[in-house]
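Student: Please take a close look at how the interior of this model is put together. I would like one connected account rather than a list.

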Amino acid sequence: MSSWQNQPPLPATWQRCDARILPLWWERLCAQAGQQSAALYAAGLFTEDRRRPIAQWFNPAFKAALLVAPETSPEWPVQRFGIFYAPPDAGFVRIHSAPHEWNPREPRKSPTEREAFESAIAEAERFLQVEMDFV
């Protein structure tokens with residue numbers, strides 16, 4: 001069993017919701033950077049809800065969210081998943097973490113896209129565990 005599968009359960013207030021990118025991301029980024037800059041951020045990730053896979057967690061009690069999503073332009077030779085955090089009530093930050101990268105030109109070579117995604121999810125869930133100690 002992988003170490004990420006041995007993680008303690010997430011606090012009940014965080015709900016996983018991967019169906020589509022939450023409007024909260026666009027609103028927070030526009031408030032912080034302006035609409036034009038927001039539209040370009042992470043190759044249009046928040047305006048074009050087209051890039052997959054993503055993983056999201058939402059905490060309605062605190063109006064906070066966490067997102068794992070591709071953060072590099074599709075044409076880059078090395079792709080990377082980023083972890084983004086919308087803290088309670090306002091703001092938007094990218095969580096600095098280990099690089100969760102893969103090379104799409106070598107899809108079978110480790111780390112694969114799936115391995116990079118699972119690694120980013122595990123790190124995001126660890127972040128949520130720690131973050132709950134501060135909110």
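Tutor: Cys30 is buried in this predicted model, with a relative accessible area of 19%. That value is just inside the class, because buried means under 20%. Cys17, at 23%, is partly exposed. With a disulfide taken as two cysteine sulfur atoms within 2.5 Å, the count of disulfides is zero.

The interior is then a matter of nonpolar packing. The largest nonpolar core contains 18 residues, and Trp57, Leu66, Val68 and Phe81 have the most contacts inside it. Two or more residues each are supplied by strand 2 (55-59), strand 3 (64-70), strand 4 (79-86), strand 5 (93-102) and helix 4 (113-131). Helix 4 gives the largest share, seven residues. A second core, apart from this one, has 17 residues, including Trp25, Leu29, Ala65 and Leu67.

Val68 shows what the packing looks like from one position. Beyond its neighbours within four places in sequence, Val68 touches Pro53, Ile54, Ala55 and Trp57. Its contacts also include Phe81, Gly82 and Ile83, together with Phe117, Ala120, Ile121 and Ala124.

The sheet comes next. It is open, with five strands in the order 1-2-3-4-5 and antiparallel pairing. Strand 1 (15-16) and strand 5 are at the edges with a single partner strand each, so each has one side without a neighbour in the sheet. Strand 4 is antiparallel to strand 3, to which it is joined by six bridges, and Ala65 has Ala86 in strand 4 as its bridge partner. Six bridges also link strand 4 to strand 5, again antiparallel; here Phe81 is partnered by His100 in strand 5. The hairpin of strand 4 and strand 5 has six residues between the strands, and in it Asp89 adopts a positive phi near 75°.

Two helices cover parts of this sheet. Helix 4 packs on it and touches strand 1, strand 2, strand 3, strand 4 and strand 5, with its direction at about 155° to that of strand 5. Helix 1 (residues 23-33) lies across strand 2, strand 3 and strand 4, at about 80° to strand 4. As for strand 4 itself, seven of its eight residues are buried, so the rest of the structure largely encloses it. In a regular strand, side chains alternate between the two faces of the sheet.

A polar residue also belongs in this account. Thr72 sits in the loop between strand 3 and strand 4. It is buried, with a relative accessible area of 0%. What does its side chain contact through polar atoms? A polar contact of 3.2 Å connects it to the side chain of Gln79, and a polar atom of the Thr72 side chain is 3.1 Å from the backbone nitrogen of Arg80. Leaving out neighbours within four places in sequence, the residues in contact with Thr72 are Ala43, Arg51, Val78, Gln79 and Arg80.

Definitions and conventions. Residues are numbered from 1 along each chain as its sequence is written. This is a predicted model: local features need pLDDT of at least 70, side-chain atom pairs count only at pLDDT 80 or more; totals for chains, interfaces and linings use all residues. Side-chain values use heavy atoms; hydrogens and water are left out. Buried means under 20% relative accessible area, exposed over 50%, partly exposed in between (1.4 Å probe, protein chains only). A nonpolar core is a set of buried Ala, Val, Leu, Ile, Met, Phe, Trp, Tyr and Cys residues joined through side-chain atoms within 4.5 Å. Helices (H or I, at least four residues) and strands (E, at least two) are DSSP runs, numbered from the N terminus. Contact means heavy atoms within 4.5 Å. Two strands pair if DSSP finds at least two bridges between them. Axes are lines fitted to C-alpha atoms, for helices over the stretch in contact, and angles run from 0 to 180 degrees between N-to-C directions. A polar contact is a pair of N or O atoms within 3.5 Å; within protein, one must be able to donate a hydrogen and the other to accept it, and residues adjacent in sequence count only if both atoms are side-chain atoms.
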